[in-house]
Amino acid sequence: MDMPFRVGFGYDSHVFEAGRKLVLGGVEIPGHDGLKAHSDGDVMIHAIIDALFGAAALGDIGSHFPDTDDKWKGADSAKLLAAAVAELHARGWAVGNIDVTAICERPRLRPHVEAIRVRLSSLLGIPVEAISVKGKTNEKMDDVGAGKGIEVHCASLIVNRSAQTGVYNM
Ligand code: MG
């Protein structure tokens, strides 16, 4: 662990399923179908977890929280994110910042972005200013553009806590 900073990237996608609650970034979004999943289907948190594990080269969300394990059935993804952050901390890493892009035709995410940033700030233990959440459409192209689901991409930076960088006074 000789580098003070490392970058990661995560991606996830889920299709909509009627009768489920939509949860994005740990925030319930009312008035729209949720996402099909073994867990609560929080596609945004799944992409963030992969970006964090990716930065630390610790595998992916499936290797830490296998969806074949009943322990994670219907799991609150916020708890998985907290566990992922704890795993990084245990290995000497702190989260620096994340940059998230969610792609879907509906629902419109902009009205929910601030609530999501605040929630992610508390789950990640970093300032709201270090969390970027952007919503886009796919301009009606392909299955996402046809409204079948949501894709999320996430870039992350993690900081070696022993590197004394002074970032966020960690
Ligand atoms: Mg997922």
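Trainee: Ser-121 lies in helix α4, residues 113-124, so why does Ser-121 count as buried?

Mentor: This is a predicted model, in which local features need pLDDT of at least 70 and side-chain atom pairs count only at pLDDT 80 or more, while totals for chains, interfaces and linings use all residues. Residues are numbered from 1 along each chain as its sequence is written, and side-chain values use heavy atoms, with hydrogens and water left out. Buried means under 20% relative accessible area, exposed over 50%, and partly exposed in between, with a 1.4 Å probe and protein chains only; Ser-121 has 13% relative accessibility and therefore counts as buried. As for the word helix, helices (H or I, at least four residues) and strands (E, at least two) are DSSP runs numbered from the N terminus.

Trainee: What makes Ile-126 a polar partner of the side chain of Ser-121?

Mentor: A polar contact is a pair of N or O atoms within 3.5 Å; within protein, one must be able to donate a hydrogen and the other to accept it, and residues adjacent in sequence count only if both atoms are side-chain atoms. Here the backbone oxygen of Ile-126 lies 2.6 Å from a polar atom of the Ser-121 side chain. Not counting residues up to four places away in sequence, Ser-121 also touches residues including Pro-127 and Val-128, where contact means heavy atoms within 4.5 Å.

Trainee: Which residues are the donors of the magnesium ion, and at what distances?

Mentor: Donors are N, O and S atoms within 2.8 Å of the metal (3.2 Å for Na, K and Ca), and because water is not among the atoms, sites may look incomplete. Asp-12 (OD), His-14 (NE2) and His-46 (ND1) coordinate the magnesium ion at 2.0 to 2.3 Å. Asp-12 is in strand β1 (residues 5-17) and His-46 in helix α1 (residues 43-55), so this pair ties together parts that are 34 residues apart in sequence. Asp-12, at 17% relative accessibility, counts as buried, and so does His-46, at 7%.

Trainee: Why is Glu-139 called exposed, and what is notable about its phi?

Mentor: Glu-139 has a relative accessible area of 65%, so the term exposed applies. Most residues other than glycine have a negative phi, whereas Glu-139, in the loop between β6 (131-136) and α5, has a positive phi near 55°. Asp-142, found in helix α5, likewise has a positive phi, of about 60°, although it is not a glycine.

Trainee: How do you know that the bond from Arg-106 to Pro-107 is cis?

Mentor: Its omega is near -5°. Most peptide bonds are trans.
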